[in-house]
Amino acid sequence: MSSSPNNSVVSPEKIAFLHRNINAWFRAHARDLPWRAADRSGWSVMVSEFMLQQTHVKRVLPVWETWMERWPTPADLAAVDSSEAVRAWGRLGYPRRALRLHAAAQAIVEKHNGEVPSSYEELLALPGVGSYTAAAISVFAFGNRATVVDTNIRRVFGRTVRGLALPGKSLTAAEMRLAESLMPDDLEESVVWNAATMELGALICTAKSPRCEECPVSSGCAWIAAGKPEADYVPTGQAWAGTDRQLRGAMMAVLREATGPLPAELLTSGGRVDFAFPQEVAAAVQKLQKLNSPAEQLQRCFAGLLADGLAKQDDAGRVSL
DNA sequence: AAGGCGTGGTG
DNA sequence: TCACCAAGCCT
């Protein structure tokens, strides 16, 4: 057992201060989200967690509603083709999440008798479920005691405890140990704590312009005490224009709008393509062609979609989700 | 283990 | 307006 200089040892008094104030704040200010309702299920929480990976609540809400209405249990989703899941995913982004959620539903049917497992280890074994999502489902759906660490929680602890404007680019073992050391011993308090610290990071202790005036622990915040120093690194912006991601997104939009198989040339040709399709497909194709991507990039991205299972090609070479 | 992977709300 | 970046996961 070695100790690094980065290890933050927090006094019992400060931990109690954080527990008391953040949990009280949450009990007064928690958003009324449907996946937090009393009638939530393991599945409803699981669907929300998949959709919330790198996507804000506001955009998730309507898709989650229609998803849960259509597929109220894992078995309902597992019974349809994965392309249905990808289309229903709509414009949420990262459509491979839809594929993984579908695969996870099938695994739940096959290995867990159709019931979402409650243990961290069993959840972690499901497709698309990593350490964050496994802990989140175990805690928020089943009320277990597990340490949830997401980007919000990392930022809250980074500021209040470590005095940093922003946590590092990737989660470290020391950070994970710190989060565990801050967990309330009491089961019910620990469940609230996980949700409360995340909510504080999402609503108050935000990345860009935190609302410290409204923060319940500003009086004990190490970052404020240090004079709000700048982050010691500059986050590198995410490139977009001209990237494969943009092109893949445009191709996926075409496939989502299509009601049947499409000529592959519609996706892989950089030039004009004669076609007579519904307005929506035509518009999506126009956007794709407007990118004016080189043929080599079109081919690469198209092959990527096929390899990822997001698109399928029939014997005649026609493409669909 | 660093980098790929969508999309759009927001300051 | 237009960068920024968000309840990560996987390889």
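I note first that helices here are DSSP runs of at least four residues, numbered from the N terminus, and that the model I am reading is predicted.

**Entry 1, the surface near DNA strand C.** I looked up which helices line the strand, and found that α2 (42-52), α8 (131-140) and α9 (151-160) each supply at least two residues of that surface, with α8 giving the largest share, three residues. Of the 24 residues around DNA strand C, I listed those that come nearest as Leu52, Gly128, Thr133, Asn152 and Gln238. On the strand's side, sugar and phosphate make up 59% of the atoms that come within 4 Å of the protein. By residue class I recorded nine nonpolar, 11 polar and four charged.

**Entry 2, polar contacts with the strand.** I found a polar side-chain atom of Gln54 3.0 Å from a phosphate oxygen of DNA strand C, and one of Asp150 3.0 Å from a sugar or linking oxygen. For Trp35, an N or O atom of the side chain lies 3.2 Å from a base nitrogen of the strand.

**Entry 3, the core.** I then turned to the largest nonpolar core, which has 90 residues, and noted Trp43 and Met251 among those with the most contacts inside it. Helix α6 (residues 96-111) contributes the most to this core, seven residues. Leaving aside neighbours within four places in sequence, I saw Trp43 in contact with residues including Trp67, Trp71, Leu101 and Val116.

**Entry 4, helix α13.** Why do I call α13 largely enclosed by the rest of the structure? I do so because 10 of its 14 residues are buried, among them Leu247, Arg248, Met251 and Arg256.

How values were computed
Residues are numbered from 1 along each chain as its sequence is written. Chains are lettered from A and ligands numbered from 1 in the order in which they are written. This is a predicted model: local features need pLDDT of at least 70, side-chain atom pairs count only at pLDDT 80 or more; totals for chains, interfaces and linings use all residues. Side-chain values use heavy atoms; hydrogens and water are left out. A nonpolar core is a set of buried Ala, Val, Leu, Ile, Met, Phe, Trp, Tyr and Cys residues joined through side-chain atoms within 4.5 Å. Buried means under 20% relative accessible area, exposed over 50%, partly exposed in between (1.4 Å probe, protein chains only). Contact means heavy atoms within 4.5 Å. A residue is near a molecule or strand if one of its heavy atoms lies within 4 Å of it. A polar contact is a pair of N or O atoms within 3.5 Å; within protein, one must be able to donate a hydrogen and the other to accept it, and residues adjacent in sequence count only if both atoms are side-chain atoms. Ala, Val, Leu, Ile, Met, Phe, Trp, Tyr, Cys and Pro count as nonpolar, Asp, Glu, Lys and Arg as charged, and the others, Gly among them, as polar.
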